[in-house]
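Hi there,

Here is the structure I promised to pass on. Please have a look at it first, and then read my notes below.

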Amino acid sequence: MAAIDMKNIVKQYGDGFPAVNDVSIDVQDGEFMILVGPSGCGKSTLLRMVVGLEDITSGDMMIGDKKVNDLAPRDRNLAMVFQNYALYPHLTVYENIAFPLRLAGAPDSEVDEKVRKASATLELDEHLERKPGNLSGGQRQRVAMGRAIVRDADAFLFDEPLSNLDAKLRGQMRTEISRLQKRLGITTIYVTHDQTEAMTLGDRVAVLKRGVLQQLATPRELYEQPGNLFVAGFIGSPPMNFLPATVEGTSVKLPFGTVDIPAAKAEKAAGKGLLIAGIRPEHFEDASVVSSGREGHTFRAKVDVVEWLGNEAYAYIPFEAPPEVQAQLTQLEKDLDGEAMRTQLVVSLDGSSRIDEGDEAEIWVNTDKIHLFDPASGENLTLDAGRAGTLPAANAMQAAEEVGREQDQASSSEGTTP
Ligand code: ATP
């Protein structure tokens, strides 16, 4: 096992496009690290540079204390588990697991010992003589991991291993991978675009956008202390609500009223003009089920739609964002593949709430939980000091924004060319 340290990694493809832009991630020995972000953010490219399938344009890739930039994949001692498992259909489970040992010319006794040990760990003993075609998706996944285990690799690398599976099996496999990783204690880097996988599997999560690291932190830190608008919108389902806000003293003017926020937060956001407030759906509640005396703000709002799920309900409250923040929120929607909502508030209510569609309802909001973002840079102005993991330098994010805008302009002008 080994730590993997990515230092200022840059990848430029032939056309000069920076697919990975100055990314530094220190994966600790035995850590489960997630690389997550929307399609095209550079997560697979980064993983391929770790394993040696892609050249590094600049920066240092360290495995243990060895720089591996110029080492061939076979000399890096890493085990990659692919989406399609890459099993040999004509070989038994036993021979599939044994494959890397046979390739290395290991004696039969060593092969047998290692395969049986791996199969016991993976609970595959009763399937050793079967062919992969007759196994379930989950069992095939374990065979692929068995092949990685017998190699005594320094780390496991996964590239979207569960994306072919149906939702139920994905859930099961997620738990299984988590359990195995903990049992084996092996350094793991796992690429996904699925925030549930990121949040449930990772010791830490690196969120990427357009090749730039946005935040590197534990799942809890990402959720509670998102470093910028992008991370705030990407992590959480339903996503965080974004609303126009102006701060005066400790008061924040929001579309549904003026609320007081903690002085320490207000200070950081004072004098910045129009901002974007972020409030998670669960930080609202039906005012009638909130215990009296609980601090917060209550307001009246017309509820458009209610989705009742049993244990909770989502209420939708339309509002209009002013033009000054529309542009930023539209861009955010684009970055998040259309997930952010800018014209309606999504409010999570207790399952016992009787609020109904069309009601003029009393809604409570936990004002301690309001985040305030700078609309120009996207930066979260209200972070708790030292609790947000690693945030990249503002200029790196700015550079990525500019590349993104140039690309958008290029594609929109292509679209208008007669
Ligand atoms: P996905 O989830 O869709 O696989 P990703 O986050 O893994 O996305 P990458 O595959 O790493 O993204 O791609 C990052 C960027 O690099 C993309 O903009 C992509 O178009 C570009 N890219 C990837 N491979 C090449 C290549 N061989 N040549 C040129 N550009 C490439």
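A definition before the details: two strands count as paired if DSSP finds at least two bridges between them. Helices (H or I, at least four residues) and strands (E, at least two) are DSSP runs, numbered from the N terminus. Please bear in mind that this is a predicted model, in which local features need pLDDT of at least 70 and side-chain atom pairs count only at pLDDT 80 or more, while totals for chains, interfaces and linings use all residues. Residues are numbered from 1 along each chain as its sequence is written, and side-chain values use heavy atoms, with hydrogens and water left out.

With that settled, the hairpin of E17 and E18 is a good place to begin. Strand E17 (residues 305-308) and strand E18 (residues 312-318) run antiparallel and are joined by four bridges. Within this pair, valine 306 faces alanine 315 of E18. Three residues lie between the two strands, and glycine 310 in this hairpin has a positive phi near 100 degrees.

Now to the overall layout. The chain is split into domain 1 (4-221) and domain 2 (238-382), with bounds that come from an automatic or database domain assignment. Between the C-alpha centres of domain 1 and domain 2 there are 38 Å.

Next, the sheets. One is an open sheet of six strands with mixed pairing, in the order E6-E7-E8-E3-E9-E10. Strand E6 (78-81) and strand E10 (212-217) are at its edges with a single partner strand each, so one side of each has no neighbour in the sheet. On average, neighbouring strands of this sheet are turned by 15 degrees against each other, direction ignored; the axes are lines fitted to C-alpha atoms (for helices over the stretch in contact), and angles run from 0 to 180 degrees between N-to-C directions. Inside the sheet, strand E3 (residues 32-36) pairs with strand E8 (residues 187-192) in the parallel sense over five bridges, and valine 36 has threonine 192 as its bridge partner in E8.

Another open sheet has four strands in the order E2-E1-E4-E5, with antiparallel pairing. Its edge strands, E2 (18-27) and E5 (66-67), each pair on one side only. Six bridges link strand E1 (residues 4-12) to E2 in the antiparallel sense, with isoleucine 9 opposite valine 23 of E2.

You may be most curious about the ligand. Which residues surround the ligand? They are Tyr13, Phe17, Ala19, Pro38, Ser39, Gly40, Cys41, Gly42, Lys43, Ser44, Thr45 and Glu160, where near means that a heavy atom of the residue lies within 4 Å. This shell divides into five nonpolar, five polar and two charged residues (Ala, Val, Leu, Ile, Met, Phe, Trp, Tyr, Cys and Pro count as nonpolar, Asp, Glu, Lys and Arg as charged, and the others, Gly among them, as polar). Helix H1 (residues 43-51) gives the largest share of the shell, three residues.

Polar side-chain atoms also approach the ligand: that of serine 39 is 2.6 Å from a ligand oxygen, that of lysine 43 is 2.8 Å from a ligand oxygen, and that of tyrosine 13 is 3.3 Å from a ligand nitrogen. Of the 640 Å² of accessible area that the ligand has on its own, the protein covers 58% (Shrake-Rupley method, 1.4 Å probe; for residues, only the protein chains shown count as cover).

Finally, two backbone details. Most residues other than glycine have a negative phi, and most peptide bonds are trans. Asparagine 8, in strand E1, has a positive phi of about 45 degrees although it is not a glycine. The peptide bond from serine 237 to proline 238 is cis, with omega near -5 degrees.

Best wishes

Conventions:
Polar contact = N/O pair within 3.5 Å; in protein donor to acceptor, adjacent residues only side chain to side chain.
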